[in-house]
Amino acid sequence: AALREMCKAKKGGGKQLLKAKYGDEKEMLIKGSWYQVENFVKRHPGGRILNFYRGKDATQAYREFHQRSERADRLLKSLKSRPADKGDAVIDNDKLVADFVELRAQLEKEGFFKPDYVHVFFRFAEIVFMHVLGLYLVFNGWYLTGLSILGVAEGRCGWLMHEGGHNSLTGNITIDHALQVITYGLGCGMSAAWWRNQHNKHHAMPQKLEHDVDLNTLPLVLFHLDAASHQKAPASKWWLRMQAMLFPNLICSMVAMFWQLYLHPRHALRTKHYSELLSMGARWAFIFGYMPTVFGFWPTLLGALLSNGVGATYIFVNFAVSHTHLPVVKADEDVSWVVYAARHTMNVKPGPFKWVDWWMSYLNFQIEHHLFPSMPQFRHPIVSKRVQKLFAKHGIPYLQTSYTEAMRITFNNLDHVGHAFYG
């Protein structure tokens, strides 16, 4: 019911991001000042995401992406700027955003953004234990069970490195990025720097056409008809028509292998992230250097494909339930940081004994995660009640559903889009 209400809801409470008064897209508004960014875009360490906010108010995005970065503050101060006028900022015109900023300040004051080192220790201990258990079972003949556990462990490395990429593990950017490189490289065979570059674009403007890279999924899969216009469709019609059946295991595995064997090592090499290459190389050296000496090459390859498929399906399918079936934002349309989180993400209820919280590593609270991406994820369930009150005050539906219903909606959407694309 909440999903239907959201899809029919008007865009009230979602003021457009304010354009520069004189249409000057050489500037960007951050914390009360317009900064000259035209010549900084190519030098921006985070890539060309700055182009998303040229001539707009980027205050909320800057705060969430750079809360713990003194370097970002220094770079910002080095740019030419001018004071903003009253009424320039979104917070001056949108009561919802103003109330959100007040809530965020309260949460920060209460310590919700501080890391918990005990929690981090147990998260890492868990994935080490799962790898040890999985390998023990494989070496003792319990092949399918062991490989399945190793696959889930790979997926959980993906959940864990996600926190490192958001700097919400230890709160120290250098340490968190190092932990992400190790976890993502060894655990998944992928590049942390590539992930940060792409994932920040997703967080900046989720479900926005030509901005959110998570919508650029063709020719393998299509989640929304409007996202197909600037992408190459597969040559065969049956592929998309069958995508709901092919997505788990086959499509997820193909995406993972393309990332692991080409896209991520290529990015790490081109950007000179040699620590990532070392981490990824160590993973493949163990799998295809050592394991064949015990089991032979072909059994090792088959086992690696199976385990990798389990891990890819586990994490990609669970990520898909939070966004892929929700409305998109047109390329020339802008909404506020809060409305992006409210209308274009969705929560999954914790379930009995809060098993979904563990299974999805608290990313079932996607609304809170998109509002506060630098907050340690295990605190999202706690702050969710206060977010619900904020939304209720402004008449915004708080989208959440059960895990089984979220899966049903996601795969029904895949089936519908796959058949509707070719008419």
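**Note on the nonpolar cores and on Gln377**

1. In this predicted model, the largest nonpolar core holds 56 residues, and the members that touch the most others are Phe247, Trp259 and Phe316. Eight helices are named as suppliers of at least two residues each to this core: H6 (117-139), H7 (143-165), H8 (173-188), H9 (192-204), H10 (237-241), H11 (243-270), H13 (297-320) and H18 (403-420). The greatest contribution comes from H11, which gives 9 residues.

2. Phe247 deserves a separate look. Setting aside neighbours within four places in sequence, Phe247 is in contact with Val221, Phe223, Cys252, Phe316, Val317, Ala320, Phe411 and Leu414. Apart from the core described above lies another, of 47 residues, and Phe40, Ile49, Ala341 and Phe391 are among them.

3. The next point concerns a loop residue. Gln377 is found in the loop that runs between helix H16 (366-371) and helix H17 (380-393). Is Gln377 buried or exposed? Its relative accessibility is 1%, and buried means under 20%, so Gln377 counts as buried.

4. Which partners does the side chain of Gln377 reach? One is the side chain of His162, with which the side chain of Gln377 makes a polar contact at 2.9 Å. Another is the backbone oxygen of Ser361, which the side chain of Gln377 reaches at 3.2 Å.

5. The wider surroundings of Gln377 can be listed as well. When residues up to four places away in sequence are not counted, Gln377 touches His162, Glu163, Ser361, Tyr362, Leu363 and His369.

Methods. Residues are numbered from 1 along each chain as its sequence is written. This is a predicted model: local features need pLDDT of at least 70, side-chain atom pairs count only at pLDDT 80 or more; totals for chains, interfaces and linings use all residues. Side-chain values use heavy atoms; hydrogens and water are left out. Helices (H or I, at least four residues) and strands (E, at least two) are DSSP runs, numbered from the N terminus. Buried means under 20% relative accessible area, exposed over 50%, partly exposed in between (1.4 Å probe, protein chains only). A polar contact is a pair of N or O atoms within 3.5 Å; within protein, one must be able to donate a hydrogen and the other to accept it, and residues adjacent in sequence count only if both atoms are side-chain atoms. Contact means heavy atoms within 4.5 Å. A nonpolar core is a set of buried Ala, Val, Leu, Ile, Met, Phe, Trp, Tyr and Cys residues joined through side-chain atoms within 4.5 Å.
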